[in-house]
Structures are given as C-alpha cells and as structure tokens.
Amino acid sequence: MSRSYGSAVTLPGDPPGGRRAALVWGVGVSVYFVAVIFRTSLGVAGLDAADRFHVGASALSTFSILQLLVYAGMQIPVGLMVDRLGTKKVLALGVVLFTLGQLGFALSPSYSMALVSRALLGCGDAMTFISVLRLGGRWFPARRGPLIAQLAGLIGMAGNLVSTVVLARALHGLGWTATFVGSSLAGVLVLVLMLVFLKDHPEGHEPAPVRHAGAAYVRRQIAASWREPGTRLGLWVHFTTQFPAMVFLLLWGLPFLVEAQGLSRGTAGELLTLVVLSNMAVGLAYGQIIARHGEARAPLALGTVAATALLWAATIAYPGDHAPMWLLVTLCLVLGACGPASMIGFDFARPANPPERQGTASGIVNMGGFVASMTTLLAVGVLLDATGDDYRIAFSSVFVLEALGVVQILRLKSRTHRRERERLVASRVEAVHVPV
C-alpha cells in the first residue's frame, strides 16, 4: 500500500492551500525560525556564559533546564490558548516574550538575572511551534500535514544553523553584549511582519465557534486528547527521538567536543553545523516518505532511535582518549535525524484529534521531547560535577530515557494503528455521502 494514512481522502472542508497559504504560513514560520535562534544561542555560548557568570557545569546546565522546564510546562496551556484565541494572538505574545528574554540575557549583570531572562525566553518560545502547526492545518489540506510539519522543523533547524555559524562568529568578533542585543532585533522584525500579514485562516474557512466555560472546558480538552492512543504515542515518539540531538546542540555538544575530544572550538562548531545540515536534509526526506507511506512512521522513528543509540554508545565507549573524526562525523550525521523523527509524533496525534483539539493535542506531544531533554541536561550536568567531568558516564544517561521511550512506543503502536484504520473507513464513507 503506497498511499498515506487517511490522506488519500480529500475532505469537503479542507483549506485550498496555494500561494496565499504559503505566504501566510511563511510569515508564521519565520517567527519560529527566530525563536529557535534565540533558544539555541546558548549552545554556542556555553563556555562564554560559564566565564561571564563564573559558574560550573551544574549551574550552566540550569540555564537550559529552566528554559526547557518553562517551555515544557507551557505546552498544554499554549495548546489550549491556540484553540481558544487563535494563532495570531498567541504568536504575537510569544514574540514579545522571547525578544525581551533575549535582550535581558544580553544585558544581565548577574547569574540570577540571566536565569530570569532564559525563563522568559522559554515562555515565549513555547508559544511558537504549536501555533505554526495550527496555522499549517488551517491553511493547507490535511494530506499536506506531514510535509508541512517537517518543513516547519526544517526551517527551525535553519535557525539553529544561524546560531552555530553566525552567532558563534559574532561572539568571537563582537563580544557578548553586542551579539545578543543585535540578535534581539530579529524579534522586532518578525513581530512587525506578523502583525501586518498573518491571518488565522483563509476566508470562507472560519472554524465553528467552540462552546467552552472555564476549567470544565480545559479538563474536557485535555482528557479527550489524552484518551486517544495516537496522542500518547505521539508524545512518546517525540520524547524518545528528540532529546539526544537537543542535549548535544543546546548545551553539551560543544563542551564534549572541545574538552573530552580535544577539538578546537572552530572544528567543534563545524560538527554542530553538520548536525543541523543533516537535520534539514533528513527532514525533507522523512516528510516526503511519510506523506506517501503512512505506515513508515513507526519504523522511521524506531530506526532513528536505534541508530542514535548505536552511534552514541560507539563514540563514548571508543577505546583511547579521543574518538576518531570519522566516528564523530557519523554521530553528528545520525543526530541530525533526531529532529525529523520527533516530528513523526505529531503525525500520530494529528489524525487522532478533530480540528478543535489540534492545539491541545500538539501541546501534549510537544512536551515529550522537552521533558526528556530537560531531564538529560540536568543528569549530564550533575554527573559531570560528580565524576570530575567524565563524559562517558554522564552521556550514558541518554540510554535510560531511550529504553523507557521504546517500551512505550511498542506498547501503544498497535492500538493507534487500529484506531486509524477505523477512522479511515469512516472518513471514506463520509466523503462518499457528502452532497456536492
């Protein structure tokens, strides 16, 4: 069977897509692009931050942990906000918050003020990706969903590329304050573009009004989304696939390559850039494959986890003081598949939930990888301090969460596929009987 899961049926209410949709969605995804630049800027500034604020590994990891804690904790509230208020309002608030966070981080005179700034940045960042997913669902036909989601992830990784290339060089040439203040201006630019050009949905495709009343509505939305096995499977796919690359890019990759592998900061930066480039290439491939072959979702996710675990283990267990360059390059290429594999989680949740629950379900899924990343960032920092910077022990914490996630994926996979087949039959019947 070569057709995608349910995407062969074009539903009567599907948005038309087209150039107008691409323009509006492009404005929305530019906000996510800038958010990722700000989110990952610490990944290339970790050593500079340690010197600037006079902190060790555990305190340094607290920057990213707090940022991800806020991000993960905001996912369900943001999903509810998107379902309730629409994309434009939520995105506008997100831009204001993450821009203030980036600017505050640039000017923070102390470690405590810098922590507050990263928390503010994480809060604004949390409002971007779910909003972009919802925007794509409102402007493009459902059959385009997997490819649109992967393209959003790809553009986000382009933001990571800006961090690893542009911000890293700017830090070296311009210094801390000029680099972070200058980058915050990008937030102002996308806010203006969004306020002028972005619309929640195309004309004639306004969502039906949703009746809701306070806490009871919130409980119903969350409970109904969670009852769907596709939502839970999506969460565990996101949990298991995303965090190794996130931990590597967000904070610990550069110190590992410089301190444990003896590379120069320039070479280490090039390897981080390789992760981003690999992510972009794999994202395009995964999006095309899943759009045509829905049954490939679980094998792609599990295959990515297996390859990541194998290369991670080979690198940290390599005999001798340093792993060879070919192995480090291979590791970075494989880590590039983690982001696209995590996007598969949304491809399980999307067909499991109606449009009025898409934001809430996406928020639940998006919590997965960031909870795993936050947990691993903390574990690595604590273990490094406890073992005298033994990266082999600290990086082994990755395997614990991967094992937990694989067990949950295998447990939920069959149930989700069964529910999808039932819905596919029902949607075909509905499409046949809808009057023209």
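1. Start with the loop between α1 (19–53) and α2 (57–85), where H54 sits. This is a predicted model. In it, H54 has a phi near 55 degrees, a positive value in a residue other than glycine. Most residues other than glycine have a negative phi. H54 is worth a look on the surface too: its relative accessible area is 70%, so it counts as exposed, the cut-off being over 50%.

2. A second positive phi belongs to D389, again in a residue other than glycine. The value is near 65 degrees. D389 lies in the loop between α14 (358–387) and α15 (391–395). Is D389 exposed or partly exposed? It is partly exposed, because its relative accessible area of 44% falls between the 20% and 50% limits.

3. Next, the enclosed spaces. Rolling a probe the size of a water molecule over the atoms shows where empty space is left. How many cavities of 30 Å³ or more does a search of the whole structure find? There are two.

4. The largest cavity has a volume of about 330 Å³. Its lining consists of 29 residues. Y32, M157, Q242, M246 and G339 are the ones nearest the centre. Several helices contribute: α1, α6, α9 (229–260), α10, α13 (338–349) and α14 each give at least two lining residues. By class, the lining of the largest cavity holds 16 nonpolar residues, 12 polar residues and one charged residue.

5. Helix α13 deserves its own point. It supplies at least two residues to the lining of the largest cavity. It is also mostly covered, with 12 of its 12 residues buried. The buried residues are C338, G339, P340, A341, S342, M343, I344, G345, F346, D347, F348 and A349. Two of these names recur in the cavities. G339 is among the residues nearest the centre of the largest cavity, and F348 helps line the second largest cavity.

6. The second largest cavity has a volume of about 40 Å³. Which residues line the second largest cavity? They are E228, P229, G230, F348, P351, A352, T416, R419, E420 and R423. Both α9 and α16 (397–433) give at least two of them. The largest share, four residues, comes from α16. By class, the lining has four nonpolar, two polar and four charged residues.

7. Now the open space. The second largest pocket holds about 400 Å³. Two or more of its lining residues come from each of α1, α6 (145–174) and α10 (265–292). The lining has 15 residues in total, and T164, A168, R169, R265 and G266 lie nearest the centre of the pocket. The classes are six nonpolar, five polar and four charged. Note that α1, α6 and α10 also appear among the helices giving at least two residues to the lining of the largest cavity.

8. Last, the surface. A nonpolar patch of about 740 Å² is formed by L185, V188, L189, V192, L193, L195, V196 and F197. Take L193 as an example. This residue is in helix α7 (residues 176–197). What is the relative accessible area of L193? The value is 32%, which means L193 is partly exposed, as it lies between 20% and 50%. It also passes the patch cut-off of over 30%.

Methods:
Residues numbered from 1 in each chain as written. Predicted model: local features only at pLDDT ≥ 70, side-chain atom pairs only at ≥ 80, totals over all residues. Heavy atoms only, no water. Buried < 20%, exposed > 50% of the residue type's maximum accessible area, 1.4 Å probe, protein only. 1 Å grid on protein atoms, 1.4 Å probe; cavity = no way out; pocket = protein on both sides within 12 Å on 5 of 7 lines; lining within 4 Å. Points joined across faces, edges and corners; volume = space filled by probe spheres on them. Nonpolar A, V, L, I, M, F, W, Y, C, P; charged D, E, K, R; others polar. Patch = residues over 30% accessible without salt bridge, like charges linked within 9 Å, V, L, I, M, F, W, Y side chains within 5 Å. Areas by Shrake-Rupley, 256 points an atom, 1.4 Å probe, with all protein chains shown as cover. Salt bridge = Lys/Arg side-chain N within 4 Å of Asp/Glu carboxyl O.
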